[in-house]
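Visitor: I should like to learn how features of a protein model are read. Could you guide me through some examples?

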Amino acid sequence: MDFTFDEVQDDIRALAGKILGEQVTRERLKELEGGTERMERAAWDALATANLLGVALPESVGGSGYGIMELCVVLQEVGRHVVPVPLLATVAMTAMPIARFGTAEQQQRLLAPVVAGQSVLTAGLEEAFASDPLTPATTAKADGNGGWVLNGEKVAVPWAPLADRILVNASTGDGAVGLFLVDPHGSGVTLERAEATNREPQGVLTLASAPVEAADVIGDPTAGTEMIEWVYRNALAGLCATAVGVMEEAVRITAEYISEREQFGRPLATFQGATLRLADAYIDAQATSVATWSAIWRLAAGKPADDELAIAKYWVADGGHRVAHAAQHLHGGMGVDLDYPIHRYLLWAKTLELTLGAGMPQLLRIGASIAAGTPAHAEAS
């Protein structure tokens, strides 16, 4: 196994870091947090101009034709700079599945605007009372004319208030499940605005006999298990890569702070208790990084990666919690100053910890895989 970045990936990372570092200052983030949209449009447009929104999308729609590894390199930089853009939701969770399983017409209609930075997409995979995306409580019934009628509720839908389409998983009967594209402004659809811990705009999507035309059905709606597993893997991979950026930068900011902040005439870094706590945070961040890139490498190589992704997400939840709290505590009173950046890393870490299942659900997935004596799911494709 070798998940060292190649030259292309290093170039993508450097370009993304340069763009986001120039576009998103602390002052700009504070300005966005006081507004209503919360999306950094200038950074989104700059990513589109550099074709980084299309880095993992097909050349036929204007993308670069790379894959999940290259997208995750960009997402790590999004996390490092805590940039409020819907890259994870739009590309990893929605556009890539459309590129993989959608028709040529769907790809041209939905993905070309994404590459150009003109469209936001998202996915509603989470429900209040159903934790497994393969067995959603949301239902879909055929209308007899090639379309489907959806009923149910999705919670914590990322960037839903700005989305043009929302990818929804729904049970289609007899244990089958499908993927459907819902118009958030369509008939039978209600979208209630919500907000995540890190101030990301989200939505509660209620579907009450909401019609979905045949043109907005992804793949075979009666045989969607493989598709939904694929979506979930991509979503976990992108989320974990984002978290790695958040954790690494939180450690860097804190190391810089305790090296400069003096107490009793000495830098805080000279006090063993402070140094050891930050050393533990560094170890957690590095362990999360290794687990994450190992899982993403396997996913990109077409190898089974379900267990590895669960391990990585466990580290994001458990290790990320420790890193964020250590960084916050080591800053003392500065940690609660909203003019200082470290609080954003705590908020992002907490959001990422709980999204798509916190630590315990991941341990249960790993335990079930061990008990079965085989990988949790079939080989990634």
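Guide: The discussion below takes up helix packing, cysteines, a strand and a single residue in turn. Please bear in mind that this is a predicted model.

Visitor: How is the packing of two helices described?

Guide: In general, two packed helices are characterised by the angle between their axes and by the distance between those axes. In this structure, the axes of helix 4 (residues 68–80) and helix 8 (residues 272–300) come within 9 Å and cross at roughly 150°. Angles over 145 degrees count as roughly antiparallel, and helix 4 and helix 8 are therefore roughly antiparallel to each other.

Visitor: Which residues of helix 4 and helix 8 make the contact?

Guide: Helix 4 contributes I68, M69, C72, V73 and Q76, while helix 8 contributes W293, I296, W297, L299 and A300. By character, the residues of this contact divide into nine nonpolar, one polar and no charged.

Visitor: C72 appears in that contact. How many disulfides does a search of the whole structure find?

Guide: A disulfide is a covalent bond that joins the sulfur atoms of two cysteines. Here the search of the whole structure finds zero disulfides. For C72, the closest cysteine sulfur is in C240, at 8.6 Å, which is too far for a bond; the cut-off is 2.5 Å. C240 is likewise in no disulfide, and its nearest cysteine sulfur is that of C72.

Visitor: Are C72 and C240 buried or exposed?

Guide: Relative accessibility decides the matter, with buried meaning under 20%. C72 has a value of 0% and so counts as buried. C240, at 1%, also counts as buried.

Visitor: How should I read strand 1, and which way do its residues point?

Guide: One considers the directions of the residues and then the pairing partner. In strand 1 (residues 121–124), L121 and A123 point one way, T122 and G124 point the other way, and all are buried. Strand 1 pairs with strand 4 (residues 165–173) in the parallel sense, over four bridges. Among the residues of strand 1, G124 has V168 in strand 4 as its bridge partner.

Visitor: Finally, where is T225 found, and what is it in contact with beyond its neighbours in sequence?

Guide: T225 is found in helix 7 (residues 225–260). Because its relative accessible area is 36%, T225 is classed as partly exposed. Leaving aside neighbours within four places in sequence, T225 is in contact with L134 and V177. T225 and A326 lie 101 residues apart along the chain, and their C-alpha atoms are separated by 40 Å.

Methods:
Residues numbered from 1 in each chain as written. Predicted model: local features only at pLDDT ≥ 70, side-chain atom pairs only at ≥ 80, totals over all residues. Heavy atoms only, no water. Axes fitted to C-alpha atoms, helices over the stretch in contact; angles between N-to-C directions. Helix = DSSP H or I, 4+ residues; strand = E, 2+ residues; numbered from the N terminus. Parallel < 35°, antiparallel > 145°, perpendicular 65-115°, else oblique. Contact = heavy atoms within 4.5 Å. Nonpolar A, V, L, I, M, F, W, Y, C, P; charged D, E, K, R; others polar. Buried < 20%, exposed > 50% of the residue type's maximum accessible area, 1.4 Å probe, protein only. Pairing = 2+ DSSP bridges.
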